[in-house]
Amino acid sequence: MFPNTRLRRLRENSILRRMVEENSIEIEDFIYPIFIDENIKNKKEINSMPGIYRFSIDELSNEISELEELGIKAVLLFGIPTCKDERASSAHDKNGIIQRSIRKIKDESDILIFADLCMCEYTSHGHCGIVSDGRILNDSTLEIYQKIALSYAESGVDVIAPSGMMDGQVKAIREILDKNGYEYLPIMAYSAKYSSSLYSPFRDAADSAPKFGDRKTYQMNYSNSREAMREIELDVIEGADIIMVKPALFYLDIIRMARDNFKLPIAAYNVSGEYSMIKAASKAGYIDERSAVEEILISIKRAGADIIITYHAKEFARWKMEGY
Ligand code: PBG
Ligand code: ZN
């Protein structure tokens, strides 16, 4: 019935192997996250994320030119402000850390700027929204998100990325942008964002851990996959331009499901904990970092993502330049 089929024939020669490869990674697919800390003068390595730093605003120029030399075309900005309060006022300050960073990067380079839009780095309680009687209020949070969105737009951001998982956040942001003449500014929605243990290195990095409770009343329960399709569907209806699944590795099934169900571009966030695990295991000598990272990034593409947000971007680009 299958008289002569031998799949090993196409694996024999490395040129042929490469030719019939179904997926590959381009540096252009990457978005590189950057932490900018208003409280520091000199860059500071994040303990739980070797190779990843908090930068001061003055050090941004160097970092951005390094990224451009490596061929990295896009960054995702996170800010650590000097002042935190109950209502995240510094998140929509015209001279806030992100607003100033956007203007500076725009002045000096052509790199594409995505900015994360949330409140947790800016609130004294560390939650992603307005807190009242221990609850995270949805609709009054949306009003703050609108102010942040407008201030990012006015500073010249290229793409807004709301990550707070409030219901209706994409609609609220789309409305305020359109009303103010920013109808061409795209939204990359953190659509299916799970409540995950894999964010803890990030919370060290961004100083954004909740001071009480957890994020389970707004981020998704990791037992659910159909619900992720509902989240994405709503974001699509509300006007998202790019949808996101986060984290990536424990959620490759969700990326695949999203790919099969929606036509929009999909971003996958290869989060801090995924990065830290690889760093720790390779440092201990348990795995080879380069080959593990390549395998991971390909797995995210194979699952169906178009865009990968990853802390590995810089190193991967360097390896690629060296011809790994
Ligand atoms: C803020 C935000 C988080 C991440 C991105 N935006 C953390 C959180 O939800 O607590 C996580 C990114 C990472 O772990 O790399 N809402
Ligand atoms: Zn948040």
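Two exercises on the ligand sites of a predicted model follow. Local features need pLDDT of at least 70 and side-chain atom pairs count at pLDDT 80 or more. Side-chain values use heavy atoms, without hydrogens and water.

**Exercise 1.** Describe the surroundings of ligand 1.

Solution.
- Step 1: list the neighbours. There are 17 residues around ligand 1, counted as near if a heavy atom lies within 4 Å. Lys193, Arg203, Lys246, Ser272 and Tyr311 come nearest.
- Step 2: sort by class. The shell has nine nonpolar, three polar and five charged residues. Asp, Glu, Lys and Arg count as charged; Ala, Val, Leu, Ile, Met, Phe, Trp, Tyr, Cys and Pro as nonpolar; the others as polar.
- Step 3: find polar contacts (N or O pairs within 3.5 Å). Oxygen atoms of ligand 1 lie 2.8 Å from the Lys193 side chain and 2.6 Å from that of Arg203. A nitrogen atom of ligand 1 is 3.5 Å from the side chain of Lys246.
- Step 4: check cover. The protein covers 100% of the ligand's 400 Å² of accessible area (Shrake-Rupley, 1.4 Å probe).

**Exercise 2.** Which protein atoms bind the zinc ion (ligand 2) as donors, and with what geometry?

Solution.
- Step 1: take N, O and S atoms within 2.8 Å of the metal. The protein donors are SG of Cys118, Cys120 and Cys128, at 2.2 to 2.3 Å.
- Step 2: read the spacing. It is C-x1-C-x7-C.
- Step 3: test the angles. Four donor atoms give 99 to 121 degrees, hence tetrahedral (all angles between 85 and 135 degrees).

Note on methods:
Residues are numbered from 1 along each chain as its sequence is written. Chains are lettered from A and ligands numbered from 1 in the order in which they are written. A polar contact is a pair of N or O atoms within 3.5 Å; within protein, one must be able to donate a hydrogen and the other to accept it, and residues adjacent in sequence count only if both atoms are side-chain atoms. Donors are N, O and S atoms within 2.8 Å of the metal (3.2 Å for Na, K and Ca); water is not among the atoms, so sites may look incomplete. Four donors count as tetrahedral if all angles lie between 85 and 135 degrees; four count as square planar and six as octahedral if opposite donors are over 155 degrees apart and all others between 65 and 115; anything else is irregular.
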